[in-house]
Each structure stands twice: as C-alpha cells, then as structure tokens.
Amino acid sequence: MKAILAVLLISLAAGAGAAAPPIRLMLEPPSEASDPEPWTRWMQTALGAVQTVSPDFPVTQLRVRLEGVDTGGGAVVFGRVRRGSPPGLEFYVDPHADLDALNADWRGFHEASHLLIPFPGNRDIWFTEGLASYFQYLLQARAGVISERQAWTELARGFQRGFDDPQGADRNLRSLSPRMRQLRAYRRVYWTGAAFFLNVDVRLRTETGGRYSLDSALAEFHRCCMHRRSRWSARDLIEQLGSLTAPSIWRQEYQRLMDGIAEPEIERAFGRLGLVFDGSALEFDPDPRAAALRRAISAPGSAVSARLVSDFDNHQ
C-alpha cells in the first residue's frame, strides 16, 4: 500500500480555547492492510490524548511506519521512537487489527508520550521511559478508550511488575539505568521512573493548591525552552521543569530516587490519591478530595480531540 499523507489538526475540546497548530502525519500502513482509516484514526486518538498534556505539543511533523507481523493475537507487539527531523514512530502490528483493538493497546499512547520531551541519553533512559509509562494508561482514560478505574488499576499493576522484576534488584537507578538493556531490567527501570513522575505530579497538584502539575510543567517547557539546546540530561530537564513550577519538589524527588534502591515507591502518592493496592486488586477511597485528585489526572473531560481536516493524498 502507498504511504498516506494526512494532516491532523489537534484541537482543544469545545470551550477550552484556540486550536493548536496542525500535525502533518506521514503514515505508512501495513502492506497487508486494505483500508488506511483504522490506522489514521488510531494515531488521531493517541496524538489527541498526548495533546491533553500540553496544547503546545512540540511536534509539527511525524512519520509513522507500521509493519505487519504475527502478533499472537494482540493488536500491537512492539513500538519505538525514531528521533530525527522529523521524528518518527514505528510499530509492529497485526495488519488486520481493528480500531477498538488498537486503541485498547497501551503502546501507541506510550510511544507518542516520548515525544513530549527530548531524549535524555541512554544513561538516563529511566527518565523518558518513566514518563511514557506513567502516562500510557492515564492517556487511554483521557481519550475515553478505557475507564478511569481501569487506568489506575493498570498503573498499579505496572508498578507491581517493576517491584517484582528480579533483574537489577538491590541496585540503585544511577548504576542500573545505563545497563538496563544488558541486564534486561526493563520493568524495574521503566516503573521506577514512572513512580518518580507519579510522585512529582501528585505533589505539584496538592502542595501548590492546584497551581502546577506535571502537565503544566511540560506545557510551559514546550512554550519556552525545549528547543533551546540540542542535548539534555535528566538532571538538566529536572532543573528546567523545576524552575517552571516548584524546584524543591523536583529536586527532592530526584534525590530520593537516586539515593535509594531502584524500585517503585508509590505509597505516599497512592495515599493522597485514595488508592490501596494489595498486589492484584485496587481499592478506591470515595473521599471527595482524593476522588477529585484522581479525576484531575485521568478524567476524559480533560481530553482534546484530533480532527482530520484534509483528505488523504496518495503518493509514492
């Protein structure tokens, strides 16, 4: 199948403000696929969900390559980001997957979330993978493709997978992150990083009276600073994001993370969120303040939509 050139306009939900600039999407569907629409709609949903984090999404052009493979029954088996100009996403997919199955898979939301920040380097792989892991289920909920309850449950189970990962146990993140691939400590690194962002997000929202959040920090970063330099480390990003919100929160959470064993530490944040997890089931405290905090992070009402504004143009 020929590549499909589609222009997506990421526009805020009704009443939320002016439309954002369009994202020009170059999409190459699986060669076995006869209809490009499920694939473009899938990317619309994922990009629209990521737009809930920042109206100034820092990507104006994006290449997406989809390779059809035997997935063993799943819609998507693997995805990755290609950092370049323009950036790209690659996915290995069931070429016959329908839109519901694609949206139900977290990988599209995970990979699209990587585009919210510059790549911090392999030594700090925990930072980019942690951010994407923290957002993946929450963005599915914001997009309305899974429930809020399911999103929090899946997030809790992800943290448990990180805690249970035998690879890299008893190591700190400073030494484990650069060797993640060699040691195959993916779950431990990903979900320890995700816990960092959970703790920062919850503290920003609760300790600043709702003035700041992880979303607002990233949105301001996109407006002011992301393209000021070509290389960023995790420490550079933490200092910059902190300067835009509450520096002490970012620094304290970073120091706690670096000084301790690499494992997801979620008790403090889950306490404020009114969540109790026993390793398999998640209980939700109906306390109004905790429920409001959960909704502020995951509610579909905060979502934006991606609207297709041009016809498809086939080209070689």
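Colleague: Which residues lie nearest the centre of the largest pocket?

Modeller: The lining comprises 26 residues, and G79, H110, E111, E129 and Y190 are those nearest the centre of the largest pocket. The model is predicted: local features need pLDDT of at least 70 and side-chain atom pairs count only at pLDDT 80 or more, whereas totals for chains, interfaces and linings use all residues. Residues are numbered from 1 along each chain as its sequence is written, and side-chain values use heavy atoms, with hydrogens and water left out.

Colleague: What makes a space a pocket, and what volume does the largest pocket have?

Modeller: A pocket is an open set of points on a 1 Å grid over the protein atoms alone, with protein on both sides within 12 Å along at least five of seven lines; a lining residue has an atom within 4 Å of a point. The largest pocket holds about 780 Å³ of space, a volume being the space filled by probe spheres set on the points, which are joined across faces, edges and corners.

Colleague: Which helices and strands each supply at least two residues of that lining?

Modeller: Strand 4 (76-82), helix 3 (107-113), helix 4 (125-143) and helix 8 (186-207) do so for the largest pocket. Helices (H or I, at least four residues) and strands (E, at least two) are DSSP runs numbered from the N terminus, and the protein chain has 13 helices and nine strands.

Colleague: How do the residues lining the two pockets divide by type?

Modeller: The lining of the largest pocket has 10 nonpolar, seven polar and nine charged residues. The second largest pocket, of about 420 Å³, is lined by 16 residues, with R83, P118, F119, M226 and S230 nearest its centre. Its lining divides into eight nonpolar, five polar and three charged. Here Ala, Val, Leu, Ile, Met, Phe, Trp, Tyr, Cys and Pro count as nonpolar, Asp, Glu, Lys and Arg as charged, and the others, Gly among them, as polar.

Colleague: How do you know that C224 and C225 form a disulfide?

Modeller: A disulfide is a pair of cysteine sulfur atoms within 2.5 Å. The S to S distance of C224 and C225 is 1.9 Å, so the pair qualifies. The count comes to one disulfide, and its link is left-handed, with -80 degrees about the S-S bond.

Colleague: Are C224 and C225 buried or exposed, or in between?

Modeller: Buried means under 20% relative accessible area, exposed over 50%, and partly exposed in between (1.4 Å probe, protein chains only). C225 has 2% and is therefore buried, whereas C224 has 23% and is therefore partly exposed. Buried residues make up 53% of the 316 residues in the protein chain.

Colleague: Why is Q240 called buried, and what does Q240 contact?

Modeller: Q240, in helix 10 (residues 234-243), has a relative accessible area of 18% and is therefore buried. Contact means heavy atoms within 4.5 Å; neighbours within four places in sequence aside, Q240 is in contact with F221, C225 and W232.

Colleague: What makes R174 partly exposed, and which residues does R174 contact?

Modeller: R174 lies in helix 6 (residues 173-176); its relative accessibility is 43%, so it counts as partly exposed. Apart from neighbours within four places in sequence, R174 is in contact with R123, M258 and D259. The C-alpha atoms of R174 and A262 are separated by 8.5 Å, although the two residues are 88 apart along the chain.

Colleague: Why is I23 called buried?

Modeller: I23, placed in strand 2 (residues 22-28), has 2% relative accessibility and therefore counts as buried.

Definitions and conventions
1 Å grid on protein atoms, 1.4 Å probe; cavity = no way out; pocket = protein on both sides within 12 Å on 5 of 7 lines; lining within 4 Å.
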